[in-house]
Structure formats: C-alpha cells, structure tokens
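Got the viewer open? Let's walk through this one stop at a time, picking selections as we go.

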Amino acid sequence: MIGKQIKGRSFRGVLNYLFGKEGAKQIGGNMEGRNPRELAAEFRFSRQLNPKVSRAVYHASLSLPHKESLDDETWHEIAQKYLQEMGFDMNQYMVVRHVDREHDHAHIVASRIRLDGTTVSDSWDYRRSEAVIRKLEQEYNLQSVQPSWEKDSRSPTTGERRQLARTGEESVRVRLQRSLDQATYDHPTMPELIERVQQQGINVRVGYTRTGIVKGISYQLDSVAFSGTHLGKAYTFRGLQKHRGINYSPKRDDKRIQKLMEQAVENPTPAVPSKQDDKRIQKLMEQTVENSTPAVTQTNSLPIPEPTNWEQIRLKLSQQYNLPNSLLTELYEKGWLYASQTGQAIFVERTLDDLPTLAKQLEPTGNFTAIPLNSEARKNGSFWIATDATVERAVLLSDPIEVLSVIVLESTVDKEKRKPTLYWSVGDSEQIPLEFLRAIDTVVIAFKDNEKVEDLIAEILAELPQAKQVSPGEAGWNGMLTNNHSQPNQRRIPELQNWEL
C-alpha cells in the first residue's frame with residue numbers, strides 16, 4: 001500500500017476536488033455533511049478552536065497495488081486505524097473512495113486541530129506513515145512495500161516542538177529533512193536528487209576544493225540555509241550516498257551538478273510538480289477562503305554555511321574566548337552557530353519558537369554585525385540558549401559571547417543548585433520577550449558596563465519589577481572567564497555562589 005500526505009489551508013478546495021471525481025463515494029467519517037459545502041462548514045468549527053494554525057487541512061491518500069481491492073467497510077476501518085496511529089484521535093475526518101484509476105484507493109480529509117484546540121504533530125509524519133502502512137499491510141494481508149529511507153535525521157528541538165504545538169507549522173529544518181526523505185526514496189543519482197529538491201523551491205550548494213573534490217553540501221529554503229551536518233548525518237554529501245543510496249560518480253555528475261547550481265541562482269522559482277493530481281490537489285488546498293494569509297517576500301538570507309571552515313572557527317573561539325569545544329560543537333550541531341564562506345562565525349538569532357530571525361556575524365574586532373533574513377530586520381528574536389524546556393530563571397546578556405561565557409561560568413555551580421535558565425542576548429528593548437519574562441520569578445540583567453545600556457536597563461526594570469541587576473564590569477563575563485582560565489591555581493569564581501547568576 002502506498003500513502004501520500006498533503007497539508008493545506010482550504011477544506012472546501014480539496015473537498016470539491018475529491019467529490020468532483022467520477023464515481024466518488026463518501027464511505028465514512030465522523031461528520032454529518034454529505035457534500036463539500038456542508039463538510040467545509042463543519043470543518044470550520046475545529047479551525048476556530050485554534051486560528052493560529054494556517055495549514056489546518058490534512059489530506060492523505062492510501063492506494064493499493066494493481067489487482068488488489070477492498071470493500072467500503074474495510075477501507076473505512078483501515079482509514080480509522082491509520083488516523084489513530086498518526087495521532088488523529090480526537091479530530092474531525094471523512095473518507096472518500098475513488099474508482100477512477102486501475103488501482104483501488106481512498107482519500108482521507110481531516111482537521112489537524114483536535115477538538116481540544118491542540119494540533120496533531122507532524123514531526124516525522126512521513127516516516128510514521130510508512131511504519132503505520134507496513135503494520136496495516138500485515139494486519140489485512142496486503143502486498144507490502146519496503147520502507148524508502150532510514151532514520152538518520154536530527155530530532156526536532158524543543159523550540160521546534162513548541163512551534164508545532166502552538167501554530168501547527170513545522171520548522172524549515174524539518175521541512176528540508178522531509179523533502180530530502182521524499183526525494184531519495186528510489187535512490188536517484190546526485191544530479192537527479194538536486195533537480196528534484198530544486199523543483200520544491202530548495203536551493204542546493206555543493207562545495208568543491210581547489211582540486212575539484214567535494215567538501216560539503218548545504219540547503220536553503222525560505223531564505224534559511226543549513227549545512228548537511230545540521231540536518232543529520234544522512235544529509236551530508238557522503239551521508240546521502242551511505243544512508244540514502246544516492247548514486248554519485250564525479251566524472252559523470254560534477255558538470256551536471258555545477259550546471260544545476262547555476263540554474264538555481266538564475267531561476268530560484270520552484271518548478272511545477274509533474275504529477276497532475278498532486279499538483280491540482282495542492283493548488284486547491286492553497287486556494288483558501290476560510291483563512292487566507294498574505295505571503296511574505298524575503299530578499300536576503302542567512303550567510304551560507306561552509307563546513308570546511310568550521311574547525312578554524314571552533315579553534316579561534318576556543319583560543320580567543322576560552323570557550324570549551326564541547327559547547328561549541330553542540331551549538332554547531334544544532335545549527336545555532338556555524339562558519340560562513342568568508343570564514344566568519346555566524347550566531348543565529350531565533351524567536352522563542354526557534355524560528356530564525358537574523359544572523360549575528362562576529363567581526364575580528366569582537367563586535368557583531370546583524371544580517372537580517374529579509375529587507376526589514378525582525379526584532380522579536382535573539383541568540384538564546386535554555387538549559388531546560390521549563391524555564392524558572394532568565395538572564396539577559398549583552399551578546400552571544402557573553403551568553404556562552406556565563407553558561408561556562410555557571411557550569412562550576414553545583415548542578416543541583418542551578419535552576420533551568422534561559423540565557424538571552426539583548427541589543428535593544430524590542431528584542432526582549434516581555435510577556436514571557438513577566439511570568440518568570442527570577443530575571444537577572446547582566447550586561448557588561450557600558451553607558452549605552454543605562455537607558456535600556458532602566459526600560460527593562462520599569463517593565464519587569466522582579467528583575468535584578470548585576471554587573472561583571474567593563475571586561476564582561478568573558479573577561480572574567482578569560483582571567484579565571486589564566487589563573488588555574490586560583491579557586492574558580494569564589495563569589496559566584498553569592499550572586500544572582
């Protein structure tokens with residue numbers, strides 16, 4: 001059995017399509033409606049429970065191989081079990097069966113919003129779907145189709161899970177992983193893979209050394225770039241070959257890869273999908289009447305990662321700022337810190353939902369240059385790190401280096417005495433998540449001494465009465481860390497236990 005999934009905005013659009021097919025038959029569901037208009041009106045109820053979810057429509061199609069067939073009752077039973085396994089345990093849904101092709105197939109339309117207002121997670125839903133289908137094949141003695149990929153991706157971060165639960169939108173990183181999983185199902189050649197993902201609006205860059213050897217691969221979607229390493233070991237250039245079965249021959253493929261990359265720069269507009277039905281369904285699902293959302297045009301993007309420059313950057317940060325390799329490596333693996341093509345350290349600013357907002361490039365002077373994702377920099381994000389999903393304490397700091405320095409300093413405190421903390425770098429008052437911080441009992445303003453921040457500190461204290469101020473002096477927390485590092489015989493930060501930090 002083969003399964004496909006699409007998420008969209010318009011219930012009426014996909015319902016019109018499904019009921020418009022000759023011989024379409026509604027064979028089950030938990031709704032009263034019997035035509036597109038009535039069903040769309042019912043689906044509107046769940047949409048109103050969580051208006052923040054823009055893509056509330058879930059459409060899945062299940063198809064049997066040629067010569068296999070099921071009756072209506074069995075199809076409905078399979079659809080119910082499929083939805084239960086996929087997490088749709090308290091959702092509106094309906095099932096339509098089609099007989100317009102040689103192979104027997106059914107369509108499920110469901111609301112991603114549960115009746116309690118929460119959203120069904122779509123993390124790794126293509127992988128989960130394939131596992132569910134394998135289980136149903138065995139249960140109903142259907143012809144089996146082998147899985148098309150392995151599990152070699154980086155798991156969603158806490159921020160990505162929060163974003164999904166609140167908005168129903170998956171992160172760019174997860175969307176890239178899903179697109180690559182789909183594009184590698186039949187083990188294409190490397191140029192074929194690049195061409196497929198370009199058709200989905202994904203820009204691909206393959207880096208070469210001066211001698212013509214491939215040194216890495218990176219992907220860009222919605223103006224956000226990730227190296228293969230940041231997506232997971234299966235998405236690096238070598239990982240695609242080892243874990244996804246991608247066929248690559250330098251003599252055969254390199255010229256074609258170069259040509260595809262040139263075409264991507266000249267014409268970044270996604271190509272139209274080749275399969276007519278999928279194209280039509282997706283178009284109808286996007287033509288929303290219930291909840292239209294204007295598109296956002298992005299003109300700039302984060303600097304493209306260059307994996308071969310990372311070791312040089314890691315060494316520089318470790319030596320110049322006395323930051324431990326383990327911490328730098330963890331940030332790099334999460335995609336929050338990386339090396340650019342020009343050999344600069346890039347710190348990614350994000351919202352509390354882990355959505356990238358802009359990049360902070362560390363200059364040789366020690367200052368930071370902001371690089372927005374679009375023509376207008378968004379101020380509702382920052383470079384931040386949380387030690388736990390549940391935050392009990394927040395520390396506001398001057399810049400990313402100060403954030404990392406305080407984390408290192410606080411690692412000397414007995415772990416049992418440390419509270420789950422959010423470390424948030426602040427450049428101006430617009431970057432401060434006031435609503436979030438008002439709900440936290442302990443907020444510490446810990447900027448290094450600078451006349452320019454006096455007004456900012458006053459603003460914060462006015463907005464957050466529970467906030468307290470501490471100062472590391474002009475040298476900042478990194479100066480304290482460096483001084484501590486240069487005097488190994490001195491007891492490490494003896495005053496730390498008595499401070500708010």
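## The whole chain first

Of the 501 residues in the protein chain, 52% count as buried. Keep in mind as you look around that this is a predicted model. Switch to a cartoon view and you'll have 17 helices and 17 strands to find your way through. Now turn on the surface: the accessible area of the protein chain comes to about 24,400 Å², with 47% of that belonging to carbon and sulfur atoms. How much of the contact map comes from residues 24 or more positions apart? Among contacts in the protein chain with a separation of 6 or more, such residues account for 70%.

## Stop one: the antiparallel sheet

Go to the open sheet of 5 strands with the order E1-E3-E5-E4-E2, where the pairing is antiparallel. Which strands sit at its edges? Select 2–8 for strand E1 and 25–29 for strand E2; each of these pairs on one side only. Look along the sheet and you can follow the twist, which averages 20° from one strand to the next.

Next, select residues 57–63 and 105–111. These are strands E3 and E5, running antiparallel and joined by 7 bridges. For one place to zoom in on, try Val57, which stands opposite Ser111 in E5.

Now add the helices. H4 is residues 125–139; this helix packs on the sheet and touches E1 and E3, and its direction makes about 145° with that of E1. Then pick residues 36–49, helix H2, which lies across E2, E3, E5 and strand E4 (93–98). Against E5, H2 runs at about 45°.

## Stop two: the mixed sheet

Move along the chain to another open sheet of 5 strands, this one with mixed pairing and the order E13-E15-E14-E16-E17. Its edge strands are E13, at 384–386, and E17, at 467–469, each pairing on one side only. Ignoring direction, neighbouring strands in this sheet are turned by 15° against each other on average.

Select 393–397 together with 421–425: strands E14 and E15 pair here in the parallel sense, over 5 bridges. Click on Leu397 and look for its bridge partner in E15, which is Ser425.

Two helices are worth colouring here. Helix H14, residues 400–410, lies across E13, E14 and E15 and runs at about 155° to E15. Helix H16, residues 454–463, packs on the sheet as well, touching E14, E17 and strand E16 (442–445). The direction of H16 makes about 170° with that of E16.

## Stop three: salt bridges

Time to show side chains. The count of salt bridges comes to 18, and here are a few to visit.

Start with Asp181 and Arg244, which form a salt bridge with their closest N and O atoms 3.0 Å apart. What does this pair tie together? Asp181 lies in helix H6 (residues 172–183) and Arg244 in helix H9 (residues 237–244), so the pair links parts that are 63 residues apart in sequence. Buried or exposed, where does Asp181 fall? Its relative accessible area is 4%, so Asp181 is buried. Arg244 counts as buried too, at 2% relative accessibility.

Next, centre on Glu306 and Arg205, whose side chains meet in a salt bridge at 3.3 Å, N to O. Here distant parts of the chain are linked: Arg205 is in strand E6 (residues 203–208), while Glu306 is in the loop between helix H11 (276–286) and helix H12 (310–321), 101 residues apart. Glu306 has 5% relative accessibility and counts as buried, whereas Arg205, at 25%, counts as partly exposed.

Now return to the mixed sheet and pick Lys448 and Asp399. Their side chains meet in a salt bridge at 3.7 Å, N to O. Lys448 is in the loop between E16 and H16, and Asp399 in the loop between E14 and H14, so the pair ties together parts 49 residues apart in sequence. Check the surface again: Lys448 counts as partly exposed at 27% relative accessibility, and Asp399 as buried at 12%.

For the last selection, show Lys25, Asp72, Arg97 and Asp104 as sticks: salt bridges that share partners join these residues into one network.

Note on methods
Residues are numbered from 1 along each chain as its sequence is written. This is a predicted model: local features need pLDDT of at least 70, side-chain atom pairs count only at pLDDT 80 or more; totals for chains, interfaces and linings use all residues. Side-chain values use heavy atoms; hydrogens and water are left out. Two strands pair if DSSP finds at least two bridges between them. Helices (H or I, at least four residues) and strands (E, at least two) are DSSP runs, numbered from the N terminus. Axes are lines fitted to C-alpha atoms, for helices over the stretch in contact, and angles run from 0 to 180 degrees between N-to-C directions. Contact means heavy atoms within 4.5 Å. Buried means under 20% relative accessible area, exposed over 50%, partly exposed in between (1.4 Å probe, protein chains only). Accessible areas come from the Shrake-Rupley method with a 1.4 Å probe; for residues, only the protein chains shown count as cover. A salt bridge is a side-chain nitrogen of Lys or Arg within 4 Å of a carboxyl oxygen of Asp or Glu.
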